[in-house]
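Dear colleague,

I am passing on a structure that you have not worked with before, and I would be grateful if you kept it open while you read. My notes on what was found in it follow below.

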Amino acid sequence: MPRDPRPGMGLRPVINAAGTMTSLGASIARPGVIDAVTEVLPHFVEMDDLQRWACSIIARETGAEAGCVTSCASAGISIGVAGAMTGNSLARIEQLPDTEGLRDEVVIQAGHLCQYSAPIDQAIRITGARVRAIGTINEARFDQLEAALSERTAAMLFVVSHQTMQYGQISLEHSIEACRARDVPVIVDAAAEQDLRGLIQRGADLAVYSAHKFLGGMTGGIVAGRKDLVRAAYLQSAGIGRGMKVGKEGIVGAMKALELWRQRDHAAVREERQRVLALWRSAAQSTDVGLSIVPDPTGNPIERLRLDFRTVTGTTAAAVAGALAAGDPRVIVRDEFLDRDMFELDPCNLHPGEAETVAARLGEVLAALPVAVDPGEMRRRAHAKRVAWPD
Ligand SMILES: *Cc1c(COP(=O)(O)O)cnc(C)c1O
């Protein structure tokens with residue numbers, strides 16, 4: 001591995017057992033990606049031609065008609081929505097976020113209104129579009145979707161993510177059925193999904209992926225789908241998409257990441273992750289902590305180790321997560337279930353040797369259990385720290 005620049009910047013090493021997190025610098029850029037980016041950086045390129053090349057690669061790798069690269073998946077949602085409103089009219093593109101004369105409603109199930117460190121509805125609203133939420137958080141029905149679709153509807157946004165409500169929602173198939181009958185495109189936010197072909201195959205009009213999550217590319221977003229919609233999304237670079245610009249390095253990095261993803265020995269990667277999970281499991285085995293290997297909730301071929309502290313007295317999952325994060329090196333766990341007194345360890349973003357360090361730190365912390373911490377209180381403290389940046 002190349003030199004670690006973090007100490008020179010005053011940064012403490014951090015081990016990521018959480019998953020792909022923007023707040024931790026996303027993922028480990030793959031060495032082939034870094035090489036490809038280094039090669040292109042000194043050169044001038046005609047950006048429309050570079051994106052035309054990317055279009056053909058995205059089409060090949062996803063089975064879609066067309067594709068383009070943007071600065072991130074969140075940007076992909078925004079330019080996808082904007083394109084659904086403007087088509088390829090530059091005049092309309094320049095008009096946004098003023099939506100006068102345009103279809104400007106985006107339908108989304110209330111249970112899909114999640115946040116990924118920023119609220120997803122804002123990715124819609126910054127285009128000028130209005131959010132039309134359907135149903136309640138734990139139930140959205142087909143008839144509610146049909147009733148919400150009108151001549152004002154520009155698109156439906158469908159979110160595939162563990163961050164959404166996982167029951168009581170309208171399926172992608174039913175969403176497409178209702179929208180297609182009214183000529184409304186369905187845009188799928190699949191930022192962290194590994195199935196690059198399935199969503200397009202199932203009929204999504206646009207699918208949006210992050211280049212810097214499982215793919216291990218540079219920071220970037222990949223938009224794939226119907227050619228007219230991809231064209232309209234791409235052309236937003238002359239409008240609201242300008243502030244979401246991706247550079248040549250982002251485009252080349254994303255394309256190299258796609259190529260490497262196809263060539264990757266996924267079975268070997270999975271086997272190594274099983275080994276890591278078994279190691280972590282044995283590090284916690286002799287304690288009262290409930291241990292289980294849980295599959296990814298949206299069907300990505302990933303398993304994680306879940307540690308359940310409801311059976312442990314005197315501490316909480318939040319306290320243990322806090323102790324791991326406060327150690328040296330810092331170990332960051334997957335914390336979405338702290339309120340249920342559980343957390344998970346994710347084996348997907350580790351450098352060689354780090355799995356062993358996590359196992360050792362886990363053993364140490366579990367041997368001397370930290371005093372219980374309330375997860376709500378912990379979040380309040382994290383919030384206070386965040387808004388005091390840069391202090
Ligand atoms: C990560 C994520 C995003 C944002 O992706 P970026 O590429 O970081 O902008 C959007 N939606 C979902 C469901 C995500 O998980």
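A polar contact here is a pair of N or O atoms within 3.5 Å, where, within protein, one atom must be able to donate a hydrogen and the other to accept it, and where residues adjacent in sequence count only if both atoms are side-chain atoms. With that in mind, the side chain of D296 makes a polar contact with the side chain of T298 at 3.0 Å, and the side chain of D296 also reaches the backbone nitrogen of N300 at 3.1 Å.

Before going further, please note that this is a predicted model, in which local features need pLDDT of at least 70 and side-chain atom pairs count only at pLDDT 80 or more, while totals for chains, interfaces and linings use all residues. Residues are numbered from 1 along each chain as its sequence is written, and side-chain values use heavy atoms, with hydrogens and water left out.

D296 lies in the loop between β9 (290–295) and β10 (303–308), where helices (H or I, at least four residues) and strands (E, at least two) are DSSP runs numbered from the N terminus. D296 counts as buried because its relative accessibility is 8%; buried means under 20% relative accessible area, exposed means over 50%, and partly exposed is in between (1.4 Å probe, protein chains only). Leaving aside neighbours within four places in sequence, D296 is in contact (heavy atoms within 4.5 Å) with I302 and R304.

R103 also lies in a loop, in this case the one between α4 (90–95) and β3 (105–109), and with a relative accessible area of 35% R103 is partly exposed. Not counting residues up to four places away in sequence, R103 touches M85, S150, E151, R152, T153, A154, R182, D183 and V184. With T153 there is a polar approach as well, since a polar atom of the R103 side chain lies 2.9 Å from the backbone oxygen of T153. R103 and A129, which are 26 residues apart in sequence, are 8.4 Å apart in space, C-alpha to C-alpha.

Turning to the helices, the buried residues of α1 (residues 31–40) are V33, A36, V37 and V40. Seen down the axis of α1, these buried residues fall within an arc of 95 degrees (taken from the directions from the helix axis to the C-beta atoms), so they line one face of the helix. They pack against α10, whereas P31, T38 and E39 are exposed on the other side of α1.

Helix α10 (residues 248–263) also takes part in an aromatic pair. The structure holds two aromatic pairs, and rings of Phe, Tyr and Trp (its six-membered ring) are paired if their centres lie within 6.5 Å, with planes under 30 degrees apart counted as stacked, over 60 as edge-to-face and the rest as tilted. In one of the pairs, the rings of F214 and W261 have their centres 4.9 Å apart and their planes at 65 degrees, so the pair is edge-to-face. This pair links distant parts of the chain, with F214 in the loop between β7 (206–210) and β8 (221–225), W261 in helix α10, and the two positions 47 residues apart. F214 is buried at 12% relative accessible area, and W261 counts as buried at 13%.

As for charged residues, the structure holds 26 salt bridges, a salt bridge being a side-chain nitrogen of Lys or Arg within 4 Å of a carboxyl oxygen of Asp or Glu. One of them joins K256 and E259, whose closest N and O atoms are 3.6 Å apart. Being three residues apart in helix α10, K256 and E259 are separated by about one helical turn; K256 is partly exposed at 25%, as is E259 at 26%. Another salt bridge joins D143 and R141 (2.9 Å, N to O), with D143 partly exposed at 40% relative accessibility and R141 partly exposed at 36%. R226 forms a salt bridge with D228, the closest N and O atoms being 2.9 Å apart. Finally, D104, E105, R130, R132 and R152 are linked in a network of salt bridges, and R152 is also among the residues that R103 touches.

With best wishes
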